[in-house]
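Thank you all for coming; I would like to walk you through a structure that most of you have not met before. Please have the sequence and the view in front of you while I talk.

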Amino acid sequence: MKRIYLDHNATTPLHPEVRKSIIDSMDLYGNPSSLHADGREARALLEEARGRVAALINAEPGDMMFVGSGSEANNTVLSILGCTGAQCGIHPSVESQLVTSTIEHPCILETSKCLENRGASVARIGVDERGLLRMEDLEEALARDTSLVSIMMVNNETGAIQDVRTALDLAHRAGALFHTDAVQAVGKIPVDVRELEVDFLTVSAHKIYGPKGVGALYVRRGTPFCPLIRGGHQEMGRRAGTENTLGITGFGIAAEMRGLEMEAEGRKLEALNRRLREGIIERIDDIHFNSFPEHCVHSTLNVSFAGVEGEAMLLYLDMEGIEVSTGSACASGSLDPSHVLLEMGLPVEYSHGSLRISMGRSTTEDDVERVLEVLPGVVRRLRKMSTAWGGSCR
Amino acid sequence: MSDWLYSDRVKEHFMDPKNIMYDEEGFEYDAKGTTGNIKCGDEMTFYLKIDPESMTITDCRWKTFGCASAIASTSVLSEMVKGMKLEDAYRISNRDIIEQLGGLPENKVHCSVLGDKALRRAIDNYYRSIGMEDRVHDTGSRVVCQCLNITEDEIEHAVLEGARNYYQLQEKTKVGTSCGECEEEARRLLAYYLDKHFCNT
């Protein structure tokens, strides 16, 4: 059975060029820190990749550091808050707070919770029913002394694009540093760090058709910094540990390919998103869209179905070869439905029945038609056996 | 490649669930019982046809709003109870269901708890309908955990059976393992019953 992969926000398959570049570099075992020929060869590869990743977001290569994942990059940024400044010259006021949002990725939410437990003060800004940051609340929070603001650029569950420009201006005006987790944005929409004047920005390789286990953090020159992983001079002393040269090589090519393909792909995805949305409206009643086309990346469509539970939908679709994701409690292991959908004010009943369809570079019109062919039957089937549907109520 | 998330039996019953209550079928039943709560993500109803002579379940149907293992566990339970005496069916526990399913991951166990509760509720409703109130086990004790329909009595029972802290109470009753809203109330009751039964002063 042909599998239709529609879970690109979770991860993406390797771009063929990325795959090729990794295979071609397989025998380059040198340590980029070594001075001999093998080391220099690896170093050259590493710096080439750094230039490519930097180019995708219009950064200076020297401002990009490679890390092990998007989560590590985000943890690194938040960790500067706990720094006492003994070695790195950062002296964040103890009173000074971290401001973030309620819909961040768990690697920000949980890290900020941990900082809070250690005595830091954290403000979490909520979102409206479209999943967009409440700017007036941000403004209010920034009236208090703030050292760092961290707001994601694109939400992983709904695809909602935040007004990072406005949030960043507010933060800078309040004298705070600004970080954006752009893992779901880079490679989907244009991101230009020079124009944005952001202080920190997180990128992940495997969301842009690169390999897993590699991420990058942009740190604007002159910005206070404190390493999360210490004990080595790698990455300008900002991240200890011998670099993942193969992964980074692939990351570089992935970034380069994104630069070439993103624009045309965006137009294709816009059309596919429209078709998918219209097709679902035509075929299935009692639905609620959690992605709003005018505020979301075209690749993501999050939609809830009344009367059905998400994990069951996901697994019936999986049996038909269609691979998606859900915000249902049962699929998370935590038994809580999606915090993002709940924060948007979606009734709990609907938040248990959400599907996230995230398309990508290989998604075709046929894939979308296949979803439209199979999905209505899956929803109908589950609704017919559901206590939350039909009977005397309908 | 892993073929499937859960056991083969779960897959079987999820792919082809038995005894679903389809509205158009017009299944006539003698008793029904519902448990769970849509807000918590799981709700199910059992419909029983009962032979009054032998007090045996002759046929049954069910409906479920829930995940794959909730669907499978209700389906497998519906196969288990057919031909069973009411009193025997009453004793089916979630452990029995899990065994029939060939096991479930730890975080999925709460789903299967619902089937036996819905079944017991249906049986109680049947006893009530034929005037055998003395057989009703559900004494109308106050429900503490709305998601999993766990009562004050059950919490007291768990304490008597050895639950000494909230973790052990959850192990025994599953209280608060779904939405968690009842945690404070459950902890208060736990302290109350510990005090009532095990404090000598």
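Before I name any contacts, I should say that two residues are taken to be in contact if their C-beta atoms, placed from the backbone, lie within 7 Å. I should also say at the outset that this is a predicted model, and everything that follows is to be heard with that in mind.

With that meaning of contact, let us begin with B:I155, which, leaving aside its neighbours within four places in sequence, is in contact with B:V144, B:I150, B:L169, B:T173, B:V175, B:A186, B:L189, B:L190 and B:Y193. B:I155 is also one of the residues that touch the most other members of the largest nonpolar core, a core of 159 residues, and it shares that description with A:I57, A:A216, A:Y218 and A:M313. And which helix gives the largest share of this core? That is α9(A), with 10 residues.

Since α9(A) has come up, let me stay with it and describe how it packs against two other helices. As a reminder, two packed helices are described by the angle between their axes and the distance between the axes. Helix α1 of chain A, residues 16–25, packs with helix α9 of chain A, residues 245–283, at an angle of about 150 degrees, and the two axes are 8 Å apart. Angles over 145 degrees count as roughly antiparallel, and that is why α1(A) is described as roughly antiparallel to α9(A). The crossing of α1(A) past α9(A) is right-handed. On the α1(A) side the contact is made by A:E17, A:V18, A:S21, A:I22 and A:S25, while α9(A) brings A:L246, A:T249, A:G250, A:I253, A:A254 and A:M257. Sorted by class, the residues of this contact are six nonpolar, four polar and one charged.

The second partner of α9(A) is helix α14 of chain A, residues 365–384, and here the axes come within 10 Å and cross at roughly 20 degrees. These two helices, α9(A) and α14(A), are therefore roughly parallel to each other, and α9(A) passes α14(A) in a right-handed crossing. The residues that make the contact are A:L272, A:R275, A:L276, A:G279 and A:R283 of α9(A), together with A:E365, A:V368, A:V371, A:L372 and A:P376 of α14(A). Here the division is six nonpolar, one polar and three charged.

Next, please look at helix α3 of chain A, residues 70–79, where nine of the 10 residues are buried, so the helix is largely enclosed by the rest of the structure. Those buried residues are A:G70, A:S71, A:E72, A:A73, A:N74, A:N75, A:T76, A:V77 and A:L78. What covers them includes, in chain A, helix α4 and the strands β2, β5, β6, β7 and β8.

If we follow the chain onward from α3, we find A:S96 in the loop between α3 and β3 of chain A. Is A:S96 buried or partly exposed? It is partly exposed, with 17 other C-beta atoms within 10 Å. The C-alpha atoms of A:S96 and A:T146 are separated by 4.8 Å, although the two residues are 50 residues apart along the chain. A:V99, in strand β3 of chain A, counts as buried, with 27 C-beta neighbours inside 10 Å. A:V99 and A:S150 are 51 residues apart in sequence and 6.3 Å apart in space, C-alpha to C-alpha.

Two residues deserve a word for their backbone angles, given that most residues other than glycine have a negative phi. A:E235, in helix α8 of chain A, has a phi near 50 degrees, a positive value, and A:E235 is buried, with 20 other C-beta atoms within 10 Å. B:N19 has a positive phi near 60 degrees; it lies in the loop between α1 and β1 of chain B and counts as partly exposed, with 19 C-beta neighbours inside 10 Å.

Finally, let me turn to where the chains meet: the contact takes 21 residues from chain A and 22 residues from chain B. On the side of chain A that touches chain B, α10, α11 and α13 of chain A each supply at least two residues, and α10(A) gives the most, with three. By class, that side of chain A has nine nonpolar, eight polar and four charged residues.

Conventions. Residues numbered from 1 in each chain as written. Chains lettered and ligands numbered in written order. Predicted model: local features only at pLDDT ≥ 70, side-chain atom pairs only at ≥ 80, totals over all residues. Axes fitted to C-alpha atoms, helices over the stretch in contact; angles between N-to-C directions. Helix = DSSP H or I, 4+ residues; strand = E, 2+ residues; numbered from the N terminus. Parallel < 35°, antiparallel > 145°, perpendicular 65-115°, else oblique. Left-handed = near helix turned anticlockwise from the far one by under 90°. Nonpolar A, V, L, I, M, F, W, Y, C, P; charged D, E, K, R; others polar. Core = buried A, V, L, I, M, F, W, Y, C linked by C-beta atoms within 7 Å. Buried ≥ 20, exposed ≤ 12 C-beta atoms within 10 Å, placed from the backbone.
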